[in-house]
Amino acid sequence: MNSKKSYWISAGKLTLVQRVAMLFFGVLNFFFLVRMMDMKSYGVWMLFISVTTLVRTTREGFFKKPLIRFINKLEGRERDRLQGTSLFLNLIFSLFTSVLLLAISGFLVRVWDAPGLVGLFSIFFVTNFVMGYFSHYNNVLEANFQFSGPMVANTLKNGVMFLFVIYFFFAKTEIDVIILGYCDLISTLVAAICMFIYSRRMLVMKALWSKKQSLQLFHYGKYTLGTNISAMILRNTDIWMLGWLISPAAVAVYNVAIRITNLFEVPTMAMASIIFPEAVKKAEVNGKRAFKDLYEKSVAVILLFIIPMVMAGLIFSDWIIWVLAGDSYDGAVGILRVTMLYGLIIPFNKQMGILLDAMGRAKLNMFFVIRNALINVVLNYIFISQMGTIGAAYATLCTLVIVMVINQIFLNKNYNVELKQLYEYSKHYMLHIKKFALSKL
């Protein structure tokens, strides 16, 4: 087996294991939390998670992709300075976002009727700094094509959080959002220590700084930053508007469906993590020609996993909601039937963004995602106002469809991407899967 195939197989296995583990613990935490907390409290916790996830995703866009893009082009002291500069900026980002969240926490409490957010953001002030180190160690490992450390550390983070939840459940101890905030802090600290152990030989321990490289990271990162902020607004507009226009309880019901829909994130995000470092390398050699090949093949592979999941979700939606959330959340069944359809569209849009960033067109991708977010904000306001909670699901689905149509026109014109090739690649991969399955019988 050549090194290229070895990279894709080993990276694919580790990244997929990481995503499956995160999903596994996420579902288990959800299963117990909805039985331990009332709808409003669970809705408040979900609003907090959505805001802090925005911070974490923004951090990834601002630091991870720029570091991966530039670090392998440098050697010696210049390489060390780039890494040190990235860490310094990462910690400045932690300070800025923590202060900002504390400043607006009172406003969010009033808008969402979400008591407890002020206390949660106070705890997150510390968690955010720990996450700065965790994120930097992760970025250094992935920039060096090392995926075992991120897999172990991220699995550990989610596993520790699950142990806290399961303890409180069986001990029949009262749990509230503040306790969950402290649990999140401890699990993040444990994971950061684990990530340090894996990355310590690659880390630059000296406090190095370069104005030139700081500007280089900033000027590339500002576009991926804009992209990730817009993507998270796109992703969370439905939740935030439900909290504003209806209540945190509506957020809780809607989140039940979204949790299940997140199954689609496993193959999509695993492929995204693997494809970005490889796409950066291919873009240096093949330019635009690499885009068509990587896009068509990656989307075809993802859809092979997702289509059966969508079909199963549509057929067994009632049973899935009952098993995971119980009778109290039966109102999520209709929402789930709509959100399940997201999985058929997300890969087309997600992979386009990943590859545009890899090809050095981060600015263009940022504008595309801002456009998508604006469409989603408008549609969510209209649909939720007219239809209630399920309107959020229809609004996001309509946004995804509109964006997909616009994107495919762009891809066909600029990169000669053809949807019919997805069918050909799918048949090819299915044949290999069939042969592999028959060889094991």
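Is C183 buried or exposed? In this predicted model, C183 has a relative accessibility of 4%, under the 20% cut-off, and therefore counts as buried. C398 is partly exposed, with a relative accessible area of 29%. A disulfide is a covalent bond between the sulfur atoms of two cysteines. A search of the whole structure for such bonds finds zero.

The confidence of the prediction comes next. The mean pLDDT of the protein chain is 83, and 84% of its residues reach 70 or more. Over residues 3-9, pLDDT stays under 50; the model has 15 contacts for this stretch beyond four places in sequence. Where pLDDT is low, the predicted coordinates should not be read in detail.

As for the overall fold, the protein chain has 16 helices and zero strands. Of its 441 residues, 54% are buried. Among contacts between residues at least 6 apart in sequence, 84% join residues at least 24 apart.

Helix α2 covers residues 39-71, 33 residues in total. At its N-terminal end, D38 acts as a cap: a side-chain oxygen of D38 lies 3.1 Å from the backbone nitrogen of K40. From first C-alpha to last, α2 reaches 46 Å, close to the 48 Å expected at 1.5 Å a residue. The helix has a kink of about 30°, centred on E60. Because 25 of its 33 residues are buried, α2 is largely enclosed by the rest of the structure.

R69 falls within the range of α2 and brings in a distant part of the chain. The C-alpha atoms of R69 and G360 are separated by 8.8 Å, although the two residues are 291 apart along the chain. G360 sits in the loop between α13 (346-358) and α14. With 39% relative accessibility, G360 counts as partly exposed.

After that loop comes α14, which runs over residues 362-387 and has 26 residues. Its end C-alpha atoms are 36 Å apart, close to the 38 Å expected at 1.5 Å a residue. An α-helix has 3.6 residues a turn, so residues three or four places apart point the same way. The buried residues of α14 include A362, N365, M366, F368, V369, N372 and A373, and also N376, L379, N380 and I384.

N376 is worth following further. This asparagine of α14 has 0% relative accessibility and so counts as buried. Leaving aside residues up to four places away in sequence, N376 touches L234, T237, A395, T396 and T399. Just after α14, G388 takes a positive phi of about 85°.

Which helix has a kink of about 30° at L304? That helix is α10, and the kink lies shortly before the proline P308. Helix α10 spans residues 288-315. Its 28 residues should span 40 Å at 1.5 Å a residue, and its end C-alpha atoms are 41 Å apart, which agrees.

K292, within the range of α10, leads to the loop between α15 (389-415) and α16 (420-440), where V417 lies. V417 and K292 are 125 residues apart in sequence, but their C-alpha atoms are 5.4 Å apart in space. Besides K292, V417 touches F291, Y295 and E296, as well as Q408, L411 and N412, not counting residues up to four places away in sequence. The relative accessible area of V417 is 3%, so this valine is buried.

N416 is in that loop between α15 and α16 as well. Whereas V417 is buried, N416 is partly exposed, with a relative accessible area of 44%. The backbone of N416 also deserves a look. Most residues other than glycine have a negative phi. Phi of N416 is near 60°, a positive value in a residue other than glycine.

D113 has a positive phi too, of about 50°, although it is not a glycine. D113 is found in the loop between α3 (76-112) and α4 (117-143). At 44% relative accessibility, D113 counts as partly exposed.

Key:
Residues are numbered from 1 along each chain as its sequence is written. This is a predicted model: local features need pLDDT of at least 70, side-chain atom pairs count only at pLDDT 80 or more; totals for chains, interfaces and linings use all residues. Side-chain values use heavy atoms; hydrogens and water are left out. pLDDT is the predictor's confidence in each residue, from 0 to 100. Contact means heavy atoms within 4.5 Å. Helices (H or I, at least four residues) and strands (E, at least two) are DSSP runs, numbered from the N terminus. The expected span of a helix is 1.5 Å times one less than its number of residues. The bend at a residue is the angle between axes fitted to the seven residues ending there and the seven starting there. Buried means under 20% relative accessible area, exposed over 50%, partly exposed in between (1.4 Å probe, protein chains only). A polar contact is a pair of N or O atoms within 3.5 Å; within protein, one must be able to donate a hydrogen and the other to accept it, and residues adjacent in sequence count only if both atoms are side-chain atoms. A disulfide is a pair of cysteine sulfur atoms within 2.5 Å.
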